[in-house]
Amino acid sequence: MERTRNLKLNILLLTLVSGLLFLACSDDKKEMEPMPVIETISGTVAFTNIGARAFVFTAVTGSGISTDLNVENAPLTLKIGNRYQFINNAGAGHPFQILGIGNTILLSQNNVEGTLEKDNQVNYQVDGMNITFTLTQNLADQIAPYICGNHSSMSGRINAVN
Ligand SMILES: [Cu+2]
C-alpha cells in the first residue's frame, strides 16, 4: 500500500515538474516569435494602361511610395517595411505582377500564384482589382520589375529602398 502511494506521489511530482518545465520553455518560445503582421497601409498607387503598351501611374497617396505620374512604365520607388495598396484601374485584362530575380513571379493578381503570396509577413491580399502587400526585406531582396501578366511590354522597374 505504502509503495503504491509513493509511486502515485512520484508520478504526481513528475507531472508537476514537467508541466512547469513546459511552461518555462513556452515562455522562451514567445520571445522567438516573428514580428507582428503589418495591417496598416502606408501608401497607395493607382494606375491605368495605354493599350497593351504600358502601365501608367495616375495617383499616389500616403508615404513610402513615389513614382512619376502619367509616364509610361515609370519606375516605382518603395520604402522597405511599409505596406502598400495598388489600385488597378487598367482592369482584369492587365493583371499586375511583381517579378523576382530570374523572372520568377513573386506576387500576381491573376490566377498564377506567386511564390510569396502565402508569406505571412508579406500578407498579400487581393480585393477586387486592388492588391495589398507588405514590402518585407525578404521580398525586397528578390524584387525585380513589375509587369502585366498578359503583356510583357507593360513593365517597369521597382526600386526597394531603406
Ligand atoms: Cu496588359
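Read along the sequence, the donor residues of the copper ion follow the spacing H-x53-C-x2-H-x2-M, where donors are N, O and S atoms within 2.8 Å of the metal (3.2 Å for Na, K and Ca), and water is not among the atoms, so sites may look incomplete. This is a predicted model, in which local features need pLDDT of at least 70 and side-chain atom pairs count only at pLDDT 80 or more, while totals for chains, interfaces and linings use all residues. Residues are numbered from 1 along each chain as its sequence is written, and side-chain values use heavy atoms, with hydrogens and water left out.

The copper ion is held by His94 (ND1), Cys148 (SG), His151 (ND1) and Met154 (SD), at 2.0 to 2.5 Å. Cysteine 148 is buried, with a relative accessible area of 4%, whereas histidine 151 is partly exposed at 23%; buried means under 20% relative accessible area, exposed over 50%, and partly exposed in between (1.4 Å probe, protein chains only).

Turning to strand β9 (residues 130-134), one finds threonine 132 there, strands being DSSP runs (E, at least two residues) numbered from the N terminus. Threonine 132 is buried, with a relative accessible area of 6%, and its C-alpha atom is separated by 5.6 Å from that of tyrosine 84, although the two residues are 48 residues apart along the chain. The side chain of threonine 132 also makes a polar contact with the side chain of glutamine 85 (3.2 Å), a polar contact being a pair of N or O atoms within 3.5 Å, of which, within protein, one must be able to donate a hydrogen and the other to accept it, and residues adjacent in sequence count only if both atoms are side-chain atoms.

Notes: Helices (H or I, at least four residues) and strands (E, at least two) are DSSP runs, numbered from the N terminus.
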